[in-house]
Amino acid sequence: MTLYVDEAIVLRTQKLGEADRIITMLTRHHGRVRAVAKGVRRTTSRFGARLEPCSYVEVQLAVGRSLDVVTQAETRRPYAEAMYANYGRYTTAAAMLETAERFTAEEREPATQQFLLLVAALRSLAEVAHDPGLILDSYLLRSLAVAGYAASFDACARCGVEGPHRAFSPAAGGMVCADCRPAGVALPAAETVQLLAALLTGEWEVADASDARHRREATGMVSAYLQWHLERALRSLPHVERLEPPGTMSTEPRPTMSTEPRPTMSTERGGERVSGVVGVERGREGGACRVPGPGSDASMDTGVGAG
């Protein structure tokens, strides 16, 4: 039996049989690996809780015919606990894990840069070093760059003319000049382009000081750029909880109370015309509801009385 040891981030798990699981991991030296963890769904499992998504572990695996077998697992950093304690961090981490799996399509193909980038992003997310939305957008841009799809935010993505430029085209690879601009491009604000460049290069002072509207615009551009190069959208991305930065206020109008008069009804009582608000009166005795009728003081018990 051939054994090997490696560091890994658990990307995904799926049930196998009655008590086993297939664990999809991104390892430091062996790329994406799928392995069987036997008996981890039993309550007596020795390392079942260590092989949950977002877990940063050191695993020992035995080489198998089609799937390797996990023989031992030790936790290196408990990132999973921090993610599961907060819904916003959990959905953000889920989008990161799915992205990492998409960019490592070939199994056992070394992807050390993708692994180190994912570890750094999960650590920042667990320590709440920055806004989760900014961490996610920065990770997506850097993951695209590692995969060979680096976006250009300074020079024109087609001809290389230095900017700043006004138009953004995912198909062209970033910002484009007026001569290279195709039809149907986006025209983001200059502050949004600066934010995107800061997220790509890691200038967190600029990113943390950005406004909410520029963050929203940058998020849409990153999503469009990612979808273009993956050729389909991430399933987990629409579920990511985006929070407004502290100190911002919503500009949406607040609902107001209606001042229109309530409808009334008129009845004839003893030759007099009596008007009142539509509704029912609560009797003074026993809590019975009384509906006034024309020429009558009789009450109708609706069964809501005190008994």
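Helices (H or I, at least four residues) and strands (E, at least two) are DSSP runs, numbered from the N terminus. This is a predicted model, where local features need pLDDT of at least 70, side-chain atom pairs count only at pLDDT 80 or more, and totals for chains, interfaces and linings use all residues. Residues are numbered from 1 along each chain as its sequence is written, and side-chain values use heavy atoms, leaving out hydrogens and water.

**View 1. Helix H3 and what follows.** Let's start with H3, residues 112–126. At 1.5 Å a residue, its 15 residues should span 21 Å (1.5 Å times one less than the number of residues), and the end C-alpha atoms are indeed 21 Å apart. Its buried residues (under 20% relative accessible area, 1.4 Å probe, protein chains only) include Phe115, Leu118 and Leu122. The buried residues of H3 pack against strands S1, S2 and S4 and helices H1, H2 and H4. Just after H3, look for Val128, which takes a positive phi of about 50°.

**View 2. Helix H4 meets helix H7.** H4 (residues 132–146) and H7 (residues 212–230) pack at about 30°, with axes 10 Å apart. Axes here are lines fitted to C-alpha atoms over the stretch in contact, and angles run from 0 to 180 degrees between N-to-C directions. Among the residues making the contact (heavy atoms within 4.5 Å) are Leu140 and Leu144 of H4 and Val222 and Leu226 of H7.

**View 3. Ser236 in its loop.** Ser236 sits in the loop between H7 and strand S8 (264–269). It counts as buried because its relative accessibility is 11%. Leaving aside neighbours within four places in sequence, Ser236 is in contact with Ala94, Ala95 and Glu98.

Technical notes: Buried means under 20% relative accessible area, exposed over 50%, partly exposed in between (1.4 Å probe, protein chains only).
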